[in-house]
Amino acid sequence: MRIGIISDIHGDMRSLMAAADCLQQQPVDLILCAGDVVERGSDDHGVISYLRQHGISCVQGNHDENAVRHSELSSDSDEPSEHESPQRLETPLSHDAVEFLKALPLTLTFEFGKTTLLLAHATPSDNGAPVFQDSACDSLSKKFKKDLARMEADILIVGHTHFPFDIRYKGKRVLNPGSVCNLQSRDSHTCGILNLTDHTYSVRNLINGTSVEFLDPEFE
């Protein structure tokens, strides 16, 4: 069983198709999405349509939640909110798109034989909370540690950071595929592949298809 993992697409349809092509070539049996489907890119509707058409299980990211809130605020007033971006005003989300994003759960749990996976965006209890304590990324945030302590799943899959990792904390494993999108300098433009047969995890660069090297630390 090979699981493809994507996250932080941010309306970047071209990058989503690159990820889809990469995962088809592997190939994978299933694709999971760790949220932040929309905002920043130019094709929110195309991304949502692709996820729906291909039945890709997805959780709600903080940008997905923000997009729903912005849409509801703008529909309640003829005047645009001062917090809305020009791009959001030019290409408002359709009612169906808003309902899709609104219905996304904060977490999803999957059972594969003896392995339980928990899918979330940032932390299991907060889709906008920091994963790490600070920008140095050398310690996990207190909220993240508390969520991991309560977690019964064997593996937690998250996004949000826009860079990939495979870390462990007190026997719990946390995987991050990085960001599918390639819109800003901090975006990793990657996707992940988890092999449940031997529990190996690789992250693929969507420009050249090579495996991405990253640290595999054990946090205290």
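Two strands count as paired here if DSSP finds at least two bridges between them. Hi everyone, with that in hand, let's walk through this one. Please keep in mind that we are looking at a predicted model.

I'll start with the sheet. Strand β1, residues 2-6, pairs with β2 in the parallel sense, over 4 bridges. If you want a place to put your cursor, I3 stands opposite L30 in β2. Zooming out, β1 and β2 belong to an open sheet of 5 strands, in the order β3-β2-β1-β9-β10, with mixed pairing. What stands at the edges? β3 (57-58) and β10 (200-205) do. Each has a single partner strand, so one side of each is left without a neighbour in the sheet. As a general reminder, strands of a sheet pair through backbone hydrogen bonds, either parallel or antiparallel.

Now, which strands does α1 touch as it packs on this sheet? They are β1, β2, β9 (190-195) and β10. The direction of α1 makes about 30° with that of β9.

Staying with α1, let me bring in α2. The axes of these two helices come within 9 Å and cross at roughly 25°. Angles under 35 degrees count as roughly parallel, so α1 is roughly parallel to α2. On the α1 side the contact is made by M13, L16, M17, A20 and Q24, and on the α2 side by G46, V47 and Y50. Sorted by class, that contact has 6 nonpolar residues, 2 polar ones and no charged ones.

One more stop in α1: S15, which is found in this helix. Is S15 buried or exposed? Its relative accessible area is 4%, and buried means under 20%, so S15 is buried. The S15 side chain has a polar contact of 2.7 Å with the side chain of D12. Leaving aside neighbours within four places in sequence, S15 is in contact with V180, C181, N182, H189 and L206.

Next, the backbone geometry, which I suspect some of you will want to check yourselves. Just after α1 (13-25), in the loop that leads to β2 (30-33), we find P27. The peptide bond from Q26 to P27 is cis, with omega near -10°.

Then there are some positive phi values. D36, in the loop between β2 and α2 (44-53), has phi near 55°, and D36 is a residue other than glycine. D36 is also buried, at a relative accessible area of 2%. How about H162? You'll find H162 in the loop between β6 (155-157) and β7 (164-169). Its phi is near 70°, again positive in a residue other than glycine. At 1% relative accessibility, H162 counts as buried too.

Last, a hairpin. β4, residues 108-112, and β5, residues 115-119, pair in the antiparallel sense over 5 bridges. L108 has L119 as its bridge partner in β5. How many residues lie between the two strands of this hairpin? There are 2, and G113 in the turn has a positive phi of about 65°.

So, to recap the places to visit: the β3-β2-β1-β9-β10 sheet, α1 packed on that sheet, the cis bond from Q26 to P27, and the β4 and β5 hairpin. Thanks for listening, and I'm happy to take questions!

How values were computed
Residues are numbered from 1 along each chain as its sequence is written. This is a predicted model: local features need pLDDT of at least 70, side-chain atom pairs count only at pLDDT 80 or more; totals for chains, interfaces and linings use all residues. Side-chain values use heavy atoms; hydrogens and water are left out. Buried means under 20% relative accessible area, exposed over 50%, partly exposed in between (1.4 Å probe, protein chains only). A polar contact is a pair of N or O atoms within 3.5 Å; within protein, one must be able to donate a hydrogen and the other to accept it, and residues adjacent in sequence count only if both atoms are side-chain atoms. Contact means heavy atoms within 4.5 Å. Axes are lines fitted to C-alpha atoms, for helices over the stretch in contact, and angles run from 0 to 180 degrees between N-to-C directions. Angles under 35 degrees count as roughly parallel, over 145 as roughly antiparallel, 65 to 115 as roughly perpendicular and the rest as oblique. Ala, Val, Leu, Ile, Met, Phe, Trp, Tyr, Cys and Pro count as nonpolar, Asp, Glu, Lys and Arg as charged, and the others, Gly among them, as polar.
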